[in-house]
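Reader: I should like to go through the packing of helices and strands in this model. Please reason through each answer before giving the value or name.

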Amino acid sequence: MIIGATCVADVQAAVRFAGDRNLPVAVLNTGHGPSMSVTGEAVMITTRRMTGVSIDSAKMTARVEAGVRWGQVVEEAAKIGLAPLAGSSPTVGVVGYTLGGGVSVALGRAFGYAADHVLRIEVVTADGELHHVTPDSDADLFFALRGGKGNFGVVTAMEFSLFPVRELYAGALHYSGDNARAVLQAYQRFTADAPDELTSSIVFLRAPDLPFVPEFMRGKLTVSIRVSYLGSARDGEALVAPLRAAAPVLADTVTTMPFADIASITNDPTEPGAAVEHFAMLDELSPPVMEAILDIAGPGSDTRITMVNVTHLGGALGTSPEKANAVGRRDAAFSLFALTAVSPDDVAAHKNVGLDLIDRLTPSGGARKHPGYLSPADVSVQSVRMAYDEPTYERLQAAKALHDPHNLFRFNHNIPPRA
């Protein structure tokens, strides 16, 4: 049964209906990165009709309902000179993104994870009760929800901080894949002493030979560096200058832009499509790491991987917030994301594409995972457990046992209740 919730009462009714019949519950907003398919008898609650957004300019906060997407928040906040810690795509749901941590494409290293700045969460737990969760009202559940993802109930609304940011020096530099080695080496040097105000990533992309793709990228390998600097254009130009000199630049969109235009930094696709995903957390862009990326995804490779994205972490992402949460692995310097675009019917056949790269980068079996970087391949209890340190995982299991003892919410990267 699929229930299109329009309000909190709908969510409560759906959860109670499922609980009375011992049916598992799945929650869906946008469909970005679903962890697993819903099979057998179950109740799915879709929240996309819950789209309320309110901005408090005096407190510099936003309250969003469960179906809100980032584009809506960015637009509303920008009207009064404020900015959220939004991701790369305006069509990503705010709640799901934030419950996994949330790395802002523009402000991540400057301010940390989106989960670090949540102030209040409204959640319907397995008993159908609505809780208004804050650090003072329920410290354990507040801790667990921020990083523990959808394991503890259906989040119906969330309040979080905004930041006084009106513009950025940001955009992307695009190079031919033939220069991948020089560009990757320049990026490694660029990140080695980058200030916290500078957030960036490097992308190896094999774009399809289709009319909507820019001609210089069409049907070939390109390497792009995306940057966002919270500072003056003069300082930003000085920081980016070595990248512009690393190799001939095919296109350069780095400029001063209003924060409302942050989606242009990455130009993520807005049409839905199926893909296979794999992730890794990296301590450094060492020579062996760079060689692995170049061997498997660089020029001359016959890989089926569509995109390899390496995001620079550290800065405020590497520090613990004042109100602790379950987002760990803060010592990782980079995240790596391998995506392979496929047709919906071919997902199973290509499920292992990209694992050769992940296995080479994490020969110990990928023991360093992160709640925000878990893929459909990471649904086993063992894989999910590797996203948390032992004390955090035990605390999450205790919260699960209290608020969802029968594991009603298990169509996710599941944390089973403590026995």
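Reader: Which residues in α7 does α6 meet?

Author: This is a predicted model, in which α6 covers residues 180-192 and α7 covers residues 233-244. From α6, the residues in contact are Ala186, Tyr187 and Phe190. By class, the contact of α6 with α7 has no charged, no polar and six nonpolar residues. On the α7 side, the residues met are Leu239, Val240 and Leu243.

Reader: Is α6 roughly parallel or roughly antiparallel to α7?

Author: The two helices, α6 and α7, pack with their axes 9 Å apart and at an angle of about 160°. Angles over 145 degrees count as roughly antiparallel. Therefore α6 is, relative to α7, roughly antiparallel.

Reader: Which strands are the edge strands of the open sheet of five strands?

Author: The order of this sheet is β4-β5-β8-β6-β7, and its pairing is antiparallel. An edge strand here pairs on one side only. The edge strands are β4 (53-56) and β7 (130-133).

Reader: In β8, what is the bridge partner of valine 124?

Author: Strand β6 comprises residues 118-124 and strand β8 comprises residues 154-161. The two run antiparallel and are joined by six bridges. For valine 124, the bridge partner in β8 is valine 154.

Reader: At about what angle to β4 does helix α2 run?

Author: Helix α2 spans residues 70-78. This helix lies across β4, β5 (61-65) and β8. Its angle to β4 is about 35°.

Reader: Is histidine 403 buried or exposed?

Author: Histidine 403 is found in helix α12, which spans residues 390-403. Leaving out residues up to four places away in sequence, histidine 403 touches Thr125, Ala126, Asp138, Leu141 and Phe152. Its relative accessible area is 12%, and under 20% counts as buried. Histidine 403 is therefore buried.

Reader: Which residue in β3 does valine 27 stand opposite?

Author: An open sheet of three strands has parallel pairing and the order β1-β3-β2. Its edge strands are β1 (2-4) and β2 (25-28). Four bridges pair β2 in the parallel sense with strand β3, residues 43-46. Opposite valine 27 in β3 stands isoleucine 45.

Reader: About what angle does the direction of helix α1 make with that of β3?

Author: Helix α1, residues 8-20, packs on this sheet. The helix touches β1, β2 and β3. Its direction makes with that of β3 an angle of about 170°.

Terms used
Residues are numbered from 1 along each chain as its sequence is written. This is a predicted model: local features need pLDDT of at least 70, side-chain atom pairs count only at pLDDT 80 or more; totals for chains, interfaces and linings use all residues. Side-chain values use heavy atoms; hydrogens and water are left out. Axes are lines fitted to C-alpha atoms, for helices over the stretch in contact, and angles run from 0 to 180 degrees between N-to-C directions. Angles under 35 degrees count as roughly parallel, over 145 as roughly antiparallel, 65 to 115 as roughly perpendicular and the rest as oblique. Contact means heavy atoms within 4.5 Å. Ala, Val, Leu, Ile, Met, Phe, Trp, Tyr, Cys and Pro count as nonpolar, Asp, Glu, Lys and Arg as charged, and the others, Gly among them, as polar. Two strands pair if DSSP finds at least two bridges between them. Buried means under 20% relative accessible area, exposed over 50%, partly exposed in between (1.4 Å probe, protein chains only).
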